[in-house]
Amino acid sequence: MVDLKSQYQNIKEEVDKAIEDVINSTAFINGPAVKEFQENLEKYLGAKHVIPCANGTDALQIAMMALDLQPGDEVITTTFTFIATAEVIALLRLAPVLVDVEPDTFNISIEAIEKAITPKTKAIVPVHLFGQCANMEAIMALAKKHNLFVIEDNCQGIGADYLFSDGRKVKSGTIGEIGCTSFFPSKNLGCYGDGGAIFTNDDDLAYKMRGIVNHGMFVRYHHEMVGVNSRLDSIQAAILNVKLKKLDEYILARQKAANYYNTAFANHPKIKTPITSSYSTHVFHQYTLVLSGVDRPKLQEFMTGKDIPVMIYYPIPLHQQKAYISERYKDGDFPVAEHLSAHVISLPMHTELEDEQLAYISNSLLEFINR
Ligand SMILES: *Cc1c(COP(=O)(O)O)cnc(C)c1O
């Protein structure tokens with residue numbers, strides 16, 4: 001699905017040097033590379049504060065800890081996402097309230113959020129799924145009306161631009177009170193291990209989150225708040241400093257590959273290609289089709305037989321996951337997400353796809369579907 005090896009070959013010298021520098025300095029924890037990355041990412045995003053941490057799941061957890069939510073408080077999020085989004089809500093003994101998505105963008109449905117709001121609702125966690133922003137303007141308006149926090153799960157959307165109706169353009173993850181991202185190797189900005197970051201424009205929240213990531217400690221062995229240990233390694237930060245410079249170029253490469261696929265599958269009666277909304281660019285963390293009248297397991301088998309990896313993101317919506325089954329929901333409650341889970345397929349998507357590979361992948365898919 002991703003070709004991290006070819007990507008590495010193209011930046012090997014710079015990455016190897018960056019890693020070597022950290023090892024020579026022995027500043028493995030909170031070394032200068034981490035601070036440098038923090039500043040580089042703040043600049044790239046136009047965010048006042050970036051707080052590096054150990055992974056995207058921690059980023060979400062720390063964000064929720066910083067908002068002082070109380071056990072039982074309801075947090076609304078999408079049922080069609082990676083488990084981490086709801087996991088941290090449950091872990092903190094908050095109540096995950098799952099809602100359906102929009103059929104075109106696969107992102108959280110505004111109508112569904114509105115219906116799910118109760119006096120116990122404290123926050124909304126939109127996910128910028130597959131690399132395209134949720135409808136943040138509508139979400140922020142709802143949040144304002146009902147006095148709710150917004151935490152953006154930007155683990156798949158880093159680098160996307162959000163366009164407000166007044167023409168203002170900002171980076172994804174900088175719109176809500178807090179944005180969270182992951183540097184898992186296959187993410188759009190990936191390191192060579194685990195990594196994550198939290199963004200905010202709020203000074204108080206930034207202060208608190210900087211404390212939480214480090215055991216609630218600002219002065220050594222003085223603990224102001226209950227925290228966790230969640231740091232970005234210096235080596236990972238050094239790698240990210242190299243790769244952040246390439247992020248825009250990488251996004252363009254993904255968009256180019258997506259355009260190739262879009263053209264290859266245009267107007268096919270059985271294939272719906274991804275929609276790019278009017279308010280967000282699409283950075284194509286995943287390239288995901290919705291199929292109709294296609295035997296998906298057989299297609300997967302066929303593609304695998306041709307050495308083409310394909311994946312189903314996500315095969316089971318969260319409300320149907322064993323750990324999250326709740327009296328709140330029953331099968332059929334979220335028809336859009338349930339339909340998508342049964343009909344989507346994601347094709348290889350990364351920064352190094354050559355036209356020849358794209359042709360082979362799309363021709364193979366069409367060969368199966370047209371026969
Ligand atoms: C990857 C991902 C996460 C978790 O990130 P990790 O770094 O793996 O912990 C959370 N939410 C979404 C939507 C993701 O894609």
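This is a short tour of a predicted model, moving from a patch on its surface to three of its salt bridges.

Begin by selecting Ile23, Phe28 and Ile29, which together form a nonpolar surface patch with about 270 Å² of accessible area. Within that selection, isoleucine 23 belongs to helix H1, residues 4-25, and is partly exposed at a relative accessible area of 43%.

Stay on helix H1 and select glutamate 14 together with lysine 245, a salt-bridged pair whose closest N and O atoms are 2.7 Å apart. Because lysine 245 sits in the loop between helix H8 (234-244) and helix H9 (247-265) while glutamate 14 is in helix H1, the pair ties together parts that are 231 residues apart in sequence. Lysine 245 is exposed, with 61% relative accessible area, whereas glutamate 14 is partly exposed at 36%.

Next, select aspartate 68 and lysine 208, where a salt bridge brings the closest N and O atoms to 2.8 Å. Aspartate 68 lies in the loop between helix H3 (56-66) and strand E2 (74-78), and lysine 208 in helix H7 (residues 203-212), so this contact links parts 140 residues apart in sequence. Aspartate 68 is partly exposed at 47% relative accessibility, as is lysine 208 at 25%.

Finally, select aspartate 104 and lysine 272, a salt bridge with its closest N and O atoms 3.2 Å apart. Here the loop between strand E3 (95-99) and helix H5 (110-116) holds aspartate 104, and strand E12 (residues 271-272) holds lysine 272, so the pair ties together parts 168 residues apart in sequence. The relative accessible area is 40% for aspartate 104, which is partly exposed, and 31% for lysine 272, also partly exposed.

Key:
Residues are numbered from 1 along each chain as its sequence is written. This is a predicted model: local features need pLDDT of at least 70, side-chain atom pairs count only at pLDDT 80 or more; totals for chains, interfaces and linings use all residues. Side-chain values use heavy atoms; hydrogens and water are left out. Patches are made of residues with over 30% relative accessible area and no salt bridge: like charges are joined within 9 Å, nonpolar side chains (Val, Leu, Ile, Met, Phe, Trp, Tyr) within 5 Å. Accessible areas come from the Shrake-Rupley method with a 1.4 Å probe; for residues, only the protein chains shown count as cover. A salt bridge is a side-chain nitrogen of Lys or Arg within 4 Å of a carboxyl oxygen of Asp or Glu. Helices (H or I, at least four residues) and strands (E, at least two) are DSSP runs, numbered from the N terminus. Buried means under 20% relative accessible area, exposed over 50%, partly exposed in between (1.4 Å probe, protein chains only).
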